[in-house]
Amino acid sequence: MTNVVMMEGAMREVQLRDAKAGLSALVDADQRDHTPSFARMLMSCSIDADDLPSRQPGPVREIIF
């Protein structure tokens, strides 16, 4: 199946599967640009020292190599 696509004022014929692949790549790139990284989300949260539970260190485990 062939579709006609308007790009920058010019008409072009492309296969439907090629148009789908191009649109999918464009959407993926757009989502990557607007999705914050996990590190950025962690840095943006407001956690105080009182929010974290106190650590209770246990005995050191023996590691066998």
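Where does Leu-26 sit? You'll find Leu-26 in helix 1, the stretch covering residues 16-34. Keep in mind that what you're looking at is a predicted model.

## The overall layout

Let's start with the fold. The protein has two helices and two strands. Read from the N terminus, the order is β-β-α-α, with strand 1 at residues 2-7 and helix 2 at residues 38-44.

## How sure the prediction is

The average pLDDT for the protein is 77, and 78% of the residues reach at least 70. That confidence isn't spread evenly: strand 1 gets the lowest mean, 57, while helix 2 comes out highest at 85. So take strand 1 with some caution, as pLDDT is the predictor's own confidence in each residue.

## Inside and outside

There are 65 residues here, and just 2% of them count as buried. The protein's accessible surface adds up to about 6,900 Å², and carbon and sulfur atoms account for 57% of that area.

## A nonpolar patch

Back to Leu-26. This residue has a relative accessible area of 57%, so it's classed as exposed, the cut-off being over 50%. Leu-26 also has company: together with Leu-23 and Val-27, it makes a nonpolar patch on the surface, about 290 Å² in area.

Conventions
Residues are numbered from 1 along each chain as its sequence is written. This is a predicted model: local features need pLDDT of at least 70, side-chain atom pairs count only at pLDDT 80 or more; totals for chains, interfaces and linings use all residues. Side-chain values use heavy atoms; hydrogens and water are left out. Helices (H or I, at least four residues) and strands (E, at least two) are DSSP runs, numbered from the N terminus. Buried means under 20% relative accessible area, exposed over 50%, partly exposed in between (1.4 Å probe, protein chains only). Accessible areas come from the Shrake-Rupley method with a 1.4 Å probe; for residues, only the protein chains shown count as cover. Patches are made of residues with over 30% relative accessible area and no salt bridge: like charges are joined within 9 Å, nonpolar side chains (Val, Leu, Ile, Met, Phe, Trp, Tyr) within 5 Å. A salt bridge is a side-chain nitrogen of Lys or Arg within 4 Å of a carboxyl oxygen of Asp or Glu. pLDDT is the predictor's confidence in each residue, from 0 to 100.
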